[in-house]
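User: I'm new to this one and would like a close look at a single part of it. Could you pick out one helix and walk me through how it sits among its neighbours?

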Amino acid sequence: MNVCRKWCSWTLAAILLPCFAVTAARVQAQDKHVVTSQQLSKDAARPAETRGANEAALRQLFSSEQAQRALRSANIDYSKVDKAVSQLNDEDLARLAERSRQMQDNFAAGRAGSLSDRDLLIIIIIAVLVIALVAVLR
């Protein structure tokens with residue numbers, strides 16, 4: 001009887017020990033993937049922050065004195081462009097915002113006071129693209 005108990009105890013230990021080890025490993029692996037609510041909030045806010053920055057970049061370009069003159073010369077209403085900016089999808093907005101940032105960097109690099117005909121044309125093209133993309137997406 002005593003031998004039977006020992007054998008059962010060892011058998012039970014041999015069966016349960018790996019189960020506990022696997023369970024502990026799973027729990028430990030799950031702990032590594034726990035995301036805090038603070039991190040989730042940050043991740044959720046990131047796209048909105050990016051979109052806001054992209055909209056601001058385009059609006060900054062279009063609100064400059066030079067861009068306003070370029071828009072007027074092409075008979076493009078700034079309010080339509082401004083309204084269209086908020087209606088662009090994220091991908092188009094990011095692409096146009098990047099282009100506007102490049103132009104603004106060029107202005108800051110030494111040509112701040114004057115825009116070439118090429119620069120004015122780029123501003124007009126960006127404005128027309130904004131309006132056209134919104135019209136197509138509707």
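Analyst: Let's start with a term: two residues are in contact when they have heavy atoms within 4.5 Å of each other. What you're looking at is a predicted model. Among contacts in the protein chain between residues at least 6 apart in sequence, 77% join residues at least 24 apart. The chain has six helices and zero strands, so keep in mind that helices here are runs assigned by DSSP and numbered from the N terminus. Of its 138 residues, 25% are buried. About 9800 Å² of the protein chain is exposed, with carbon and sulfur atoms supplying 60% of that.

Now for the close look, at helix H5. This helix covers residues 90–108, 19 residues in total. From first C-alpha to last, H5 reaches 26 Å, close to the 27 Å expected at 1.5 Å a residue. At its N-terminal end sits a cap, Asn-89, with a side-chain oxygen 3.2 Å from the backbone nitrogen of Glu-91.

Which residues of H5 are buried? They are Asp-92, Leu-93, Leu-96, Ala-97, Ser-100, Met-103, Gln-104 and Phe-107. Because they cover an arc of only 120° around the axis, they end up on the same side of H5. Glu-91 and Asp-105, on the other side of H5, are exposed.

So what does the buried side meet? Take Leu-58: leaving out residues up to four places away in sequence, its contacts include Leu-93, Leu-96, Ala-97 and Ser-100. Leu-58 also touches Val-85, Leu-88, Ile-126 and Val-130. Another neighbour is Asn-54, found in helix H2. With the same sequence neighbours left out, Asn-54 touches Leu-93, Ala-94, Ala-97 and Arg-101. Asn-54 counts as buried because its relative accessible area is 7%, and the cut-off for buried is under 20%.

That brings us to the wider setting. The largest nonpolar core has 22 residues, and Leu-58, Phe-62, Ile-126 and Val-130 are those with the most contacts inside it. The elements giving two or more residues to this core are H5 along with helix H2 (37–63), helix H3 (65–73), helix H4 (78–85) and helix H6 (117–137). H6 gives the most, with seven residues. In soluble globular proteins, nonpolar side chains tend to be buried together.

Terms used. Residues are numbered from 1 along each chain as its sequence is written. This is a predicted model: local features need pLDDT of at least 70, side-chain atom pairs count only at pLDDT 80 or more; totals for chains, interfaces and linings use all residues. Side-chain values use heavy atoms; hydrogens and water are left out. Helices (H or I, at least four residues) and strands (E, at least two) are DSSP runs, numbered from the N terminus. The expected span of a helix is 1.5 Å times one less than its number of residues. Buried means under 20% relative accessible area, exposed over 50%, partly exposed in between (1.4 Å probe, protein chains only). The arc is that of the directions from the helix axis to the C-beta atoms. A polar contact is a pair of N or O atoms within 3.5 Å; within protein, one must be able to donate a hydrogen and the other to accept it, and residues adjacent in sequence count only if both atoms are side-chain atoms. A nonpolar core is a set of buried Ala, Val, Leu, Ile, Met, Phe, Trp, Tyr and Cys residues joined through side-chain atoms within 4.5 Å. Accessible areas come from the Shrake-Rupley method with a 1.4 Å probe; for residues, only the protein chains shown count as cover.
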